[in-house]
Amino acid sequence: MEIPDSMIAACDPSKQVVVLTGAGISAESGVPTFRGEDGLWKRYRAEDLATPSAFQTNPKLVWEWYDWRRGIIGKAEPNPGHRAIAEMEGIFPHFCLITQNVDGLHRRAGNTEVIEIHGNLWDLRCVAEGTVREDTRVPLPEIPPLCECGALLRPHVVWFGESLDQEDLSRAYRLIEGCNLLLVVGTSAVVQPVASFPLMAKQAGAFVVEVNMDPTPISPLVDVSLHGKAGEILPALLEKIREYWGRGDGA
Ligand code: OAD
């Protein structure tokens with residue numbers, strides 16, 4: 001995998017850097033992605049499992065599916081791609097990670113500046129009170145889980161047809177519009193509003209790099225597309241950034 005010099009020169013550690021990730025970053029940890037050959041949406045219907053009406057109709061079925069995913073994710077470990085992004089937070093003083101993933105693996109890898117824009121499946125939210133609590137038990141002792149108030153608890157994630165948290169979204173827009181470098185990793189870039197972030201960043205003047213196994217709808221508009229595994233490309237990229245900027249060549 002050839003990483004172009006123009007890209008390394010754009011990775012100025014003094015600038016605002018944003019990394020945007022999707023399910024592909026966790027694929028090498030054994031967490032299934034949503035689309036593609038083995039994607040979850042090939043085997044399951046999103047309408048039955050990831051919508052408010054699915055939860056209203058059959059909360060037990062929805063929770064069984066989330067409990068199964070929590071089981072897989074609970075056993076998964078952050079991979080070299082996650083770890084490289086965590087190290088980037090240490091190198092770039094103006095850094096933020098926006099992830100569509102609900103698996104929590106970025107935080108486990110060490111990232112603290114994270115916007116989990118689709119929520120987190122280790123958090124449970126009371127449908128009556130709106131209160132959120134963390135529960136990492138796998139399997140959950142009771143399905144569907146209930147709040148002390150008697151109401152259902154639901155996964156604190158964003159389902160199809162639901163709005164994103166306004167505060168998270170406003171923060172993400174500000175970061176995207178103000179960043180100098182945007183690294184887009186392992187997302188099919190088809191789910192809005194996140195799918196439009198790369199174009200927004202590009203139009204605001206950022207250098208945009210995509211890391212993905214395959215070409216995506218954003219490939220034609222980014223500055224550099226690196227095709228391959230995130231767990232291989234990101235550590236290599238990090239090493240090159242360290243070599244180049246550590247030596248002060250571009251200073
Ligand atoms: P997708 O499953 O749609 O896309 C995963 C992307 O990762 C694809 O473009 C793959 O080519 C790429 N990929 C797979 N393995 C990779 C690897 N090892 N290295 C690099 N790239 C790899 O996942 P998302 O784009 O995250 O929404 O999906 C967006 C949203 O759709 C999810 O957040 C979820 C889903 O419905 C909600 O839960 C609201």
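**Close-up 1. Strands S2 and S3 run side by side in this predicted model.** Strand S2 covers residues 94-99, and its pairing with S3 is parallel, held over 3 bridges. To find your place here, look for Leu97, which stands opposite Val114 in S3. Strand S3 itself spans 114-116 and is one of the edge strands of its sheet, so to speak a border, pairing on one side only.

**Close-up 2. On to the pairing of S1 with S2.** These two strands are also joined in the parallel sense, here over 6 bridges. A handy landmark is Val18, which stands opposite Cys96 in S2. Is S2 enclosed or open to the outside? Of its 6 residues, 5 are buried, so S2 is largely enclosed by the rest of the structure. For this count, a residue is buried when its relative accessible area is under 20%.

**Close-up 3. Stepping back, the whole sheet comes into view, with 6 strands.** Follow the strands across in the order S3-S2-S1-S7-S8-S9 and you have traced an open sheet with parallel pairing. The edges are formed by strand S3 and strand S9 (224-227), each of which has a pairing on one side only. On average, neighbouring strands of this sheet are turned by 15° against each other, with direction ignored. As a reminder, strands of a sheet pair through backbone hydrogen bonds, either parallel or antiparallel.

**Close-up 4. Two helices, H7 and H9, lie across strands of the sheet.** Helix H7, made of residues 80-91, lies across strand S1 (16-21), S2 and strand S7 (181-185). Its course makes an angle of about 150° to S2. Helix H9, residues 166-178, lies across S1, S2, S3 and S7. Relative to S3, helix H9 runs at about 130°.

**Close-up 5. Here is the second largest pocket, with a volume of about 240 Å³.** Its lining consists of 17 residues, and those that lie nearest the centre are Gly119, Arg125, His156, Val158 and Asp165. Which elements give two or more residues to this lining? They are strand S4 (119-126) and strand S6 (153-157). Strand S4 gives the most, with 4 residues. If you are curious about the chemistry of the lining, its residues divide into 7 charged, 5 polar and 5 nonpolar.

Methods. Residues numbered from 1 in each chain as written. Predicted model: local features only at pLDDT ≥ 70, side-chain atom pairs only at ≥ 80, totals over all residues. Heavy atoms only, no water. Pairing = 2+ DSSP bridges. Axes fitted to C-alpha atoms, helices over the stretch in contact; angles between N-to-C directions. Contact = heavy atoms within 4.5 Å. 1 Å grid on protein atoms, 1.4 Å probe; cavity = no way out; pocket = protein on both sides within 12 Å on 5 of 7 lines; lining within 4 Å. Points joined across faces, edges and corners; volume = space filled by probe spheres on them. Nonpolar A, V, L, I, M, F, W, Y, C, P; charged D, E, K, R; others polar. Buried < 20%, exposed > 50% of the residue type's maximum accessible area, 1.4 Å probe, protein only.
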